[in-house]
Amino acid sequence: DLAENYLGDAAYEPGTVLVLGGEEEVTTTDKKGDRRVAGVVTTNPAHLMNSHLKGDHVIGIALQGRVPCKVLGKVEKGDILVTSAIPGYAIVDNDPKAGTIIGKALSNKLNGDKGIVEVVVGKH
């Protein structure tokens with residue numbers, strides 16, 4: 001994936017969904033379909049922009065490409081993901097409002113629990 005560093009309110013693990021806001025530049029949200037969505041914390045970016053950023057919690061956020069993402073509920077390949085009411089997690093919304101899309105699922109998750117799916121992030 002293509003990622004960029006941002007200052008976070010805390011240290012967030014890979015796959016965590018973040019939004020613009022908080023005390024620093026990015027944080028979690030408890031709002032479903034938050035229009036402030038920034039993206040997903042990256043695991044191993046092919047290219048990392050703003051790599052010289054300094055701060056207490058420098059967080060790489062995937063902007064384009066594929067990345068694991070924390071999700072709630074059942075997910076099918078091609079489903080559109082948005083922020084959920086559970087901080088750091090995405091949820092399916094196949095009729096999202098403009099500006100709320102995190103990306104599209106590349107894999108299925110068959111149970112209704114918390115889990116991880118691979119997601120294509122970027123413009124959809």
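Author: A strand is a DSSP run of E of at least two residues, and strands are numbered from the N terminus. The model discussed here is predicted.

Reader: In which strand is K114 found?
Author: Strands take their numbers from the N terminus. β10 covers residues 114–121, and K114 is on its uncovered face. The strand in which K114 is found is β10.

Reader: Is K114 buried or exposed?
Author: A residue counts as exposed when its relative accessible area is over 50%. K114 has 51% relative accessibility, so K114 counts as exposed.

Reader: How far apart in space are K114 and I80, C-alpha to C-alpha?
Author: In sequence, K114 and I80 are 34 residues apart. In space, the C-alpha to C-alpha distance between them is 17 Å.

Reader: Which residues make up the covered face of β10?
Author: Strand β10 has an uncovered face made of K114, I116, E118 and V120. The other face of β10 is the covered one, and its residues are G115, V117, V119 and V121.

Reader: How many bridges pair β6 with β10?
Author: Two strands pair if DSSP finds at least two bridges between them. One position in this pairing is V117 of β10, which stands opposite C69. β6 and β10 run in the antiparallel sense, and their bridges number eight.

Reader: Which residue of β10 is the bridge partner of K104?
Author: Strand β9 spans residues 103–105, which includes K104. β9 and β10 run antiparallel and are joined by three bridges. The partner of K104 in β10 is V120.

Reader: How many salt bridges does the count come to?
Author: A salt bridge needs a side-chain nitrogen of Lys or Arg within 4 Å of a carboxyl oxygen of Asp or Glu. R66 and E118 are one of the pairs, with their closest N and O atoms 3.1 Å apart. By this rule the count is three.

Reader: How many residues apart in sequence are R66 and E118?
Author: R66 forms a salt bridge with E118. R66 lies in strand β6 and E118 in strand β10, so the pair ties together parts of the chain whose separation in sequence is 52 residues.

Reader: What is the relative accessible area of K70?
Author: K70 forms a salt bridge with E13, and the closest N and O atoms are 2.6 Å apart. The two residues are 57 residues apart, with E13 in the loop between β1 and β2 and K70 in strand β6. E13 is partly exposed at 49%. K70 is buried, with a relative accessible area of 10%.

Reader: Is D34 buried or exposed?
Author: D34 meets R36 in a salt bridge, 2.9 Å from N to O. R36 is partly exposed, with a relative accessible area of 38%. Buried means under 20%; D34 has 2%, so D34 is buried.

Reader: How many of the five residues of β4 are buried?
Author: V40 is in strand β4, which spans residues 37–41. At 0% relative accessibility, V40 counts as buried. β4 is mostly covered, and the number of its five residues that are buried is four.

Reader: How far apart in space are V40 and G88, C-alpha to C-alpha?
Author: Along the sequence, 48 residues separate V40 from G88. From C-alpha to C-alpha, V40 and G88 are apart by 8.7 Å.

Reader: Which residue of β6 is the bridge partner of V41?
Author: β4 is joined to strand β2 (residues 17–20) by three bridges, and these two strands run antiparallel. There, V19 has V37 of β4 as its bridge partner. β4 also runs antiparallel to β6, with two bridges between them. The partner of V41 in β6 is I61.

Reader: What is the phi of N50?
Author: Most residues other than glycine have a negative phi. N50 lies in the loop between β5 and β6 and is partly exposed at 37% relative accessible area. N50 is not a glycine, yet its phi is positive, at about 60°.

Reader: Which residues form the negative surface patch?
Author: Patch residues must have over 30% relative accessible area and no salt bridge. D56, in the loop between β5 and β6, counts as exposed at 77%. The negative patch is formed by E23, E24, E25 and D56.

Definitions and conventions:
Residues numbered from 1 in each chain as written. Predicted model: local features only at pLDDT ≥ 70, side-chain atom pairs only at ≥ 80, totals over all residues. Heavy atoms only, no water. Patch = residues over 30% accessible without salt bridge, like charges linked within 9 Å, V, L, I, M, F, W, Y side chains within 5 Å. Areas by Shrake-Rupley, 256 points an atom, 1.4 Å probe, with all protein chains shown as cover. Lys, Arg positive; Asp, Glu negative; His and termini not counted. Charge placed at Lys NZ, Arg CZ, Asp CG, Glu CD. Buried < 20%, exposed > 50% of the residue type's maximum accessible area, 1.4 Å probe, protein only.
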